[in-house]
Structure formats: C-alpha cells, structure tokens
Amino acid sequence: MKKIIKGFSLVLALSTVGFMNGQHKNHKNVSVTPEESTEFIPAIRLINNPDGSCSFEKGKIPTLKHMNTTTFWMSNKTEEWEKNAHPAPRRQYVITIKGNIRFKVTDGSTFMIKPGVVLLAEDLKGTGHSWDMVKSKEWERLYIPIAENADDFFVRDGQ
C-alpha cells in the first residue's frame with residue numbers, strides 16, 4: 001500500500017508540474033478533459049454546513065483524472081496550533097504518506113486518515129476541524145491545493 005501511495009503522489013506531482021509548465025508557456029488557463037475512470041481511491045471530505053460548522057462525508061476520488069492544481073509541497077513538521085480547531089486555509093488534497101491521524105469536526109464526530117485515504121479539505125469557514133496523531137510520532141503528508149473553481153472530483157458514498 002505504501003508503494004501505491006508513493007506512486008500516486010509521484011503521478012500527482014508530475015501531472016501538476018506538466019500542467020503548470022503548460023500554463024506558464026501560454027500565460028492562460030488550460031482546460032484538460034478528464035479521462036473516464038472506473039477505479040477509485042477512498043477519500044473523506046471536510047465541508048462547511050450552512051451554519052458555519054464543520055462536518056465530513058465519506059466517498060472516493062477517481063483515478064487517472066487530470067486535476068487542475070497549481071503547486072504542491074510536502075511536510076513532516078507539526079506545530080501545536082495545527083492540532084487545535086482551525087478551518088482549512090484553501091481547498092486542497094492532503095495525501096498522507098506516513099501516520100494515522102484522527103480528525104474531529106464541530107459536533108464531536110471523528111474519522112481516521114491513514115495512508116491510502118485522501119483527505120479533501122474544503123471547510124474554509126468557521127471553527128473548522130482539529131486532529132491528533134494516533135499510534136504515530138509524525139505525519140508525513142503532501143499538500144496539493146486545488147485551482148480556484150476547479151472540480152475536486154469527489155464522489156460521495158451512495159452516489
């Protein structure tokens with residue numbers, strides 16, 4: 001599973017660089033037609049409710065889609081404030097490479113993110129979410145912001 005996640009991360013990174021190069025040369029947005037996919041990776045999306053509270057929904061993201069992203073970075077550092085309730089700073093995919101992370105939303109509900117599950121952070125307002133590490137000493141992750149107004153390709157369970 002680790003090799004799959006690292007391979008997925010590499011494919012995303014290379015796709016992003018190729019897309020960015022295409023945008024840089026033309027100085028305009030490039031529209032990429034996504035290919036049809038019948039394969040999916042499990043995902044959980046953080047969302048805002050109409051009252052500003054944060055909740056989550058389980059689902060999946062199709063593989064082999066060209067995602068409209070602008071940049072990415074990796075992190076293995078954690079500051080204490082990050083564990084306290086906070087909204088996502090931008091719409092982004094968070095790909096866990098190493099670690100088991102328990103997220104908590106406004107109503108106290110929790111879910112686990114571990115390698116093999118994509119977190120889609122879209123709770124941009126309100127108190128947001130908090131998290132802590134479970135049986136892990138560090139959280140290695142890849143942040144991939146989603147371009148403004150781009151499709152996140154999230155498919156909610158049951159659809």
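## Strand pairs, sheets and cores

Ile101 stands opposite Ile113 in β6. That pair is a handy way into this predicted model, so let's work through a few exercises.

**Exercise 1. Work out how β5 is placed between its neighbours and where its side chains point.**

Step 1: start with the Ile101–Ile113 side. β5 covers residues 101-104, and four bridges join β5 to β6 (residues 110-113), with the two running antiparallel.

Step 2: look at the turn. The β5/β6 hairpin has five residues between its strands, and Gly108 there takes a positive phi near 95°.

Step 3: find the other partner. β8 (residues 130-133) is also joined to β5 by four bridges and runs antiparallel to it; here Arg102 sits opposite Asp132.

Step 4: read off the faces. Ile101 and Phe103 point to one face and are buried, while Arg102 and Lys104 point to the other and are not.

**Exercise 2. Lay out the seven-stranded sheet and check some of its pairings.**

Step 1: write down the order. It goes β3-β9-β4-β7-β1-β2-β10, in an open sheet with mixed pairing.

Step 2: mark the edges. β3 (73-75) and β10 (155-156) each pair on one side only.

Step 3: go to β4 and β7. These two pair in the antiparallel sense over four bridges, and Tyr93 has Leu120 of β7 as its bridge partner.

Step 4: move on to β7 and β1. Four bridges join them as well, but this pair runs parallel; Ile44 stands opposite Leu119 in β7.

Step 5: finish with β1 and β2. They're antiparallel, with nine bridges, and Ile47 is matched with Ser55 in β2. Their hairpin has five residues between the strands, and Gly52 has a positive phi near 95°.

**Exercise 3. Find which strands feed the largest nonpolar core, and which residues have the most contacts inside it.**

Step 1: size it up. This core has 16 residues, and Ile61, Tyr93, Ile95 and Val118 have the most contacts inside it.

Step 2: trace the suppliers. β1 (40-48), β4 (92-98), β7 (118-121) and β9 (140-145) each give at least two residues. β4 gives the most, with three.

Step 3: don't stop at one core. A second, separate core has 14 residues, including Val94, Val105, Leu119 and Tyr143.

Step 4: tie this back to Exercise 2. Tyr93, one of the residues with the most contacts in the largest core, is the bridge partner of Leu120. Leu119 belongs to the second core and stands opposite Ile44.

**Exercise 4. Decide whether Thr63 is buried or exposed, and place it in the chain.**

Step 1: locate Thr63. You'll find it in the loop between β2 (54-62) and β3.

Step 2: apply the cut-off. Thr63 has a relative accessible area of 17%, and buried means under 20%, so Thr63 counts as buried.

Step 3: check a partner in space. The C-alpha atoms of Thr63 and Glu39 are 5.6 Å apart, although the two residues are 24 apart along the chain.

**Exercise 5. Summarise the whole chain.**

Step 1: count the elements. There are two helices and ten strands, following the pattern α-β-β-β-α-β-β-β-β-β-β-β along the sequence.

Step 2: take the burial figure. Of the 159 residues, 42% are buried.

Step 3: look at contact range. Among contacts between residues at least 6 apart in sequence, 77% join residues at least 24 apart.

Step 4: end at the surface. The chain exposes about 9500 Å², with carbon and sulfur atoms supplying 53% of it.

Terms used:
Residues numbered from 1 in each chain as written. Predicted model: local features only at pLDDT ≥ 70, side-chain atom pairs only at ≥ 80, totals over all residues. Heavy atoms only, no water. Core = buried A, V, L, I, M, F, W, Y, C linked by side-chain atoms within 4.5 Å. Buried < 20%, exposed > 50% of the residue type's maximum accessible area, 1.4 Å probe, protein only. Pairing = 2+ DSSP bridges. Contact = heavy atoms within 4.5 Å. Areas by Shrake-Rupley, 256 points an atom, 1.4 Å probe, with all protein chains shown as cover.
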